[in-house]
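Grab a coffee and work through a few exercises on the structure below. Try each task yourself before reading its solution.

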Amino acid sequence: MRGGERGPLAAAEIRTPRLALRCWQRGEAPLLKDAIDSSLAELRAWMPWATSEPAPVATIEERLEGFHEEFAAGRDWMYAIFDAAGGRVVGGCGLHPRRGPGVLEIGYWIRTDLTGRGLASEAAAALTRVAVERHGVACVEIRCDARNLASAAVARRLGFRHERTLADDLTATDGTLRDTMVWALFTTRYATSPAAALASAVTWRDWPAEPLPPLTSPMECP
Ligand SMILES: CC(C)(COP(=O)(O)OP(=O)(O)OC[C@H]1O[C@@H](n2cnc3c(N)ncnc32)[C@H](O)[C@@H]1OP(=O)(O)O)[C@@H](O)C(=O)NCCC(=O)NCCS
């Protein structure tokens with residue numbers, strides 16, 4: 001990956017035809033809580049962090065500060081997914097460098113009342129483009145519980161290839177061992193992929209290369 005430890009190559013805000021993806025800001029905890037609390041059954045089924053939901057607003061606010069800190073330090077990039085008008089939290093997603101050099105993993109969730117409209121695919125396609133064109137990775141990954149058909153369908157729809165399934169890889173949210181599907185899209189195949197076609201209208205604002213100010217004032221994306 002280009003850019004070194006601080007990761008100044010991140011995108012601060014990403015626009016798709018229907019969505020705005022940007023780093024979480026202070027004060028958005030109630031909006032996030034509403035999206036989570038209205039989607040608890042689906043999130044708890046697949047997302048380990050959701051087993052401790054519903055959480056108080058103050059706890060979620062602290063979480064957002066942590067996301068911002070990681071984002072600013074170039075360690076991990078969690079994005080809020082807003083509708084294009086910016087008023088409603090549609091879900092969350094992220095680019096995670098936890099699979100080693102040259103690889104970014106994409107995660108996503110969509111609030112239940114807005115699923116089935118192609119929004120996860122739109123967000124994940126946008127992140128794939130940013131990973132390839134902004135971060136310069138060699139490979140983008142999506143990992144999901146092998147039983148999570150909706151998530152696997154997102155990866156397949158974008159042209160990711162099912163590379164392998166890791167047996168008994170993790171403890172699922174119900175306490176049983178789960179198999180994990182590993183989906184990958186290599187940069188060499190990106191240009192002709194469905195992900196690239198779906199992200200053709202995507203634009204973004206770069207995260208600044210200079211250090212961010214400390215979080216003493218309202219949290220803001222530059
Ligand atoms: C998985 C999730 C993000 C999908 O969001 P979405 O916005 O509905 O996804 P899309 O509308 O882009 O659909 C993508 C594909 O999934 C398919 N799909 C949706 N729900 C499905 C289901 N329950 N079973 C099988 N396929 C399903 C759609 O048909 C579509 O495939 P297609 O293009 O071949 O028709 C959403 O259901 C969610 O947030 N689930 C809970 C959290 C989660 O599982 N996150 C992923 C963790 S790895």
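**Exercise 1.** How many bridges join S4 to strand S5 (residues 103–110), and do the two run parallel or antiparallel?

*Solution.* Keep in mind that this is a predicted model. Count the bridges from S4 to S5 and you get 6. Next, check the directions: the two strands run antiparallel. For a sample position, go to Leu95, which stands opposite Ile106 in S5.

**Exercise 2.** Place that pair in its sheet: what is the order of the strands, and which are the edge strands?

*Solution.* Start with the order, S7-S8-S6-S5-S4-S3-S2-S1-S9, an open sheet of 9 strands with mixed pairing. Then look at the ends: strand S7 (161–171) and strand S9 (203–206) each pair on one side only, which makes them the edge strands. Finally, the twist: neighbouring strands are turned by 25° against each other on average, ignoring direction.

**Exercise 3.** Which residues of helix H1 (residues 29–37) are buried, and why do they line one face of the helix?

*Solution.* Pick out the buried ones: Ala29, Leu32, Ala35 and Ile36. Now sight down the axis of H1: these residues fall within an arc of 125°, so they line one face. Recall that an α-helix has 3.6 residues a turn, so residues three or four places apart point the same way. As for what covers them, the list includes helix H2 (40–46), helix H3 (57–73) and strand S4 (89–96).

**Exercise 4.** Which element supplies the largest share of the shell around the ligand?

*Solution.* The ligand is surrounded by 22 residues, the closest being Thr115, Ala120, Ser121, Ala150 and Ala153. H2, S5, helix H4 (119–133) and helix H5 (149–157) each give at least two residues. H5 takes the largest share, with 6 residues. Sorted by class, the shell holds 13 nonpolar, 6 polar and 3 charged residues.

Conventions. Residues are numbered from 1 along each chain as its sequence is written. This is a predicted model: local features need pLDDT of at least 70, side-chain atom pairs count only at pLDDT 80 or more; totals for chains, interfaces and linings use all residues. A residue is buried if 20 or more other C-beta atoms lie within 10 Å of its own, exposed if 12 or fewer, and partly exposed in between; C-beta atoms are placed from the backbone. Helices (H or I, at least four residues) and strands (E, at least two) are DSSP runs, numbered from the N terminus. The arc is that of the directions from the helix axis to the C-beta atoms. Two residues are in contact if their C-beta atoms, placed from the backbone, lie within 7 Å. Two strands pair if DSSP finds at least two bridges between them. Axes are lines fitted to C-alpha atoms, for helices over the stretch in contact, and angles run from 0 to 180 degrees between N-to-C directions. A residue is near a molecule or strand if its C-beta atom, placed from the backbone, lies within 6 Å of it. Ala, Val, Leu, Ile, Met, Phe, Trp, Tyr, Cys and Pro count as nonpolar, Asp, Glu, Lys and Arg as charged, and the others, Gly among them, as polar.
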